[in-house]
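Me: I'd like to go through the salt bridges in this one and check that the labels hold up. Can you take me through the reasoning?

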Amino acid sequence: MKKSESDKRAQAFYTAAWHKFWEEKDYDAAEELYIHCIDNFDNFIISKAFIELSEIYKKRNDRVRAEDTLRLGIKTCNEYNEKEANRLAKKFPQYKDDFEECLETCEPFPKDWLEKNSNPLFRPNNTLFLIDLLDDLEEKDKKQEQSD
């Protein structure tokens with residue numbers, strides 16, 4: 001799928017944000033750029049933007065915003081995955097059931113794509129990782145509440 005102009009802007013914002021976050025440790029500038037990146041998604045999701053933005057909020061001890069960012073990332077990735085699975089099911093109707101299974105399991109199709117040295121036909125974008133990060137934060141919140 002060809003990237004739209006909006007997706008190209010999202011990629012540019014992500015690249016600049018990554019540099020500010022990892023290289024310069026300028027979290028304020030990185031936060032603003034990640035938000036612009038997320039606002040510009042069209043047909044191409046950069047799930048790392050949600051992950052790294054949530055890291056900024058965790059560094060600031062703003063658990064609520066970190067969790068909200070991860071929830072938004074999960075929602076956005078799921079919507080993208082459903083849209084992409086539907087698009088591919090129309091193009092490859094013989095794999096419709098496989099795409100539906102991918103949506104349920106967040107596993108790629110075909111499952112052996114790494115062994116074949118090829119890109120997967122469909123691979124949900126980091127949804128499980130976003131869910132794991134959110135679960136970790138919520139678990140830490142529960143432990144903190146219990147210790148207080």
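Reply: Sure. This is a predicted model, and the count comes to 13 salt bridges.

Me: Why is the contact between Lys8 and Glu5 called a salt bridge?

Reply: The cut-off is within 4 Å, from a side-chain nitrogen of Lys or Arg to a carboxyl oxygen of Asp or Glu. Lys8 and Glu5 come to 3.4 Å, N to O, so the pair qualifies. Both sit in helix α1, three residues apart, about one turn of the helix.

Me: What makes Glu5 exposed?

Reply: Exposed means over 50% relative accessible area. Glu5 has 54%, so exposed is the word. Lys8, at 41%, is partly exposed.

Me: And how do you know that Glu31 forms a salt bridge with Arg60?

Reply: Their closest N and O atoms are 2.7 Å apart, and the limit is 4 Å, so the label fits. Glu31 lies in helix α2 and Arg60 in the loop between α3 and α4, so the pair ties together parts 29 residues apart in sequence.

Me: Why is Glu31 called buried?

Reply: Buried means under 20%. Glu31 has 12% relative accessibility, so buried is right. Arg60, at 33%, counts as partly exposed.

Me: Which residues are linked in a network of salt bridges?

Reply: Asp28, Glu31, Arg60 and Arg65.

Me: What makes Lys111 and Glu101 a salt bridge?

Reply: Their side chains meet at 3.4 Å, N to O, and that is within 4 Å, so yes, a salt bridge. Lys111 is in the loop between α5 and α6, with Glu101 in helix α5, ten residues apart.

Technical notes. Residues are numbered from 1 along each chain as its sequence is written. This is a predicted model: local features need pLDDT of at least 70, side-chain atom pairs count only at pLDDT 80 or more; totals for chains, interfaces and linings use all residues. Side-chain values use heavy atoms; hydrogens and water are left out. Helices (H or I, at least four residues) and strands (E, at least two) are DSSP runs, numbered from the N terminus. Buried means under 20% relative accessible area, exposed over 50%, partly exposed in between (1.4 Å probe, protein chains only).
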